[in-house]
Amino acid sequence: MADATEEPQKERIAKRIARAGLASRREAEAWILAGRVQVNGETLSSPALAVTAEDVIFVDGKPLPAAEKPRLWRYHKPSGLVTTAKDPEGRPTVFQRLPGHLPRVVSVGRLDMNSEGLLLLTNDGGLSRMLELPSRGWVRRYRVRVYGSPSAAAFKQLQRGVTVDGVHYGAIEARPEETPEGAPRRANVWLEVGLTEGKNREVRRALEHVGHPVSRLIRTAYGPFQLGRLPQNAVEEVTGKVLKEQLGRAYKELGF
């Protein structure tokens with residue numbers, strides 16, 4: 001039984017709005033500054049407020065829905081889409097192609113416009129940030145087609161980490177995919193690549209740095225979550241049971 005004197009759990013008002021599925025934290029903060037949010041009958045003028053389950057919150061005159069349970073989806077991103085809600089250049093986005101039945105979601109990390117494969121989506125910004133942390137140690141795995149055939153020295157250089165234009169990229173595990181014996185040599189070689197950092201365009205920049213530009217990149221796994229046989233543009237939800245099993249104690253940090 002909980003201690004009657006225990007302090008109610010608090011969270012920032014913008015986070016609470018985001019967890020109700022109405023907007024991102026940044027959007028919620030803008031709504032607050034615009035006077036669209038009331039807490040206990042008072043219109044807020046600043047997002048610097050922590051609320052509890054006992055507070056009465058209205059947005060645009062309507063009661064704030066209950067916070068949604070964190071959910072996660074696997075999405076097979078095709079090439080040609082940017083991973084952003086709005087693109088200033090007017091390019092097609094991932095979120096424009098998602099099925100209409102999905103709630104508002106954010107991506108876990110990104111894949112650049114020309115990259116394909118597994119993109120995780122969630123309705124909870126806290127879960128997104130949790131899954132992106134390098135400290136989690138989850139390996140992102142890719143199939144990567146490059147020009148030329150990297151040498152053993154190039155693979156060792158990637159393993160040690162490389163610095164490109166002042167940005168350091170940590171250890172990248174790379175090896176050639178197995179090919180049938182006697183198969184003809186090709187100008188393009190497929191590699192199996194794994195890394196834990198996931199910095200912007202890391203795989204492309206690191207491989208180009210060692211002399212092997214990328215011609216195609218497919219993410220096949222993000223930690224324990226696999227692309228598998230999911231067709232392009234398809235979305236499949238990860239069950240709550242699997243999500244709890246993979247996150248363990250960290251799942252409770254989300255407040256559920």
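**Helix 5, an open sheet and the largest pocket**

In helix 5 (residues 152-160), the buried residues (under 20% relative accessible area, 1.4 Å probe, protein chains only) are A154, F155 and L158. Because these residues cover an arc of only 100 degrees around the axis, they lie on the same side of helix 5; the arc is that of the directions from the helix axis to the C-beta atoms. Helices (H or I, at least four residues) and strands (E, at least two) are DSSP runs, numbered from the N terminus. The model is predicted: local features need pLDDT of at least 70 and side-chain atom pairs count only at pLDDT 80 or more, whereas totals for chains, interfaces and linings use all residues. Residues are numbered from 1 along each chain as its sequence is written, and side-chain values use heavy atoms, with hydrogens and water left out.

On the other side of helix 5, A152, A153, K156 and R160 are exposed, that is, over 50% relative accessible area. The buried residues of helix 5 pack against strand 13 (173-176), strand 14 (188-195) and helix 6 (202-209), contact being defined as heavy atoms within 4.5 Å. G161, which follows helix 5, has a positive phi, near 100 degrees.

An open sheet is formed by 4 strands in the order 3-2-5-6, with antiparallel pairing; two strands pair if DSSP finds at least two bridges between them. Strand 3 (42-43) and strand 6 (62-63) stand at the edges, each with a single partner strand, so one side of each is left without a neighbour in the sheet. Strand 2 (residues 37-39) and strand 5 (residues 57-59) pair over 3 bridges, and V39 has I57 of strand 5 as its bridge partner.
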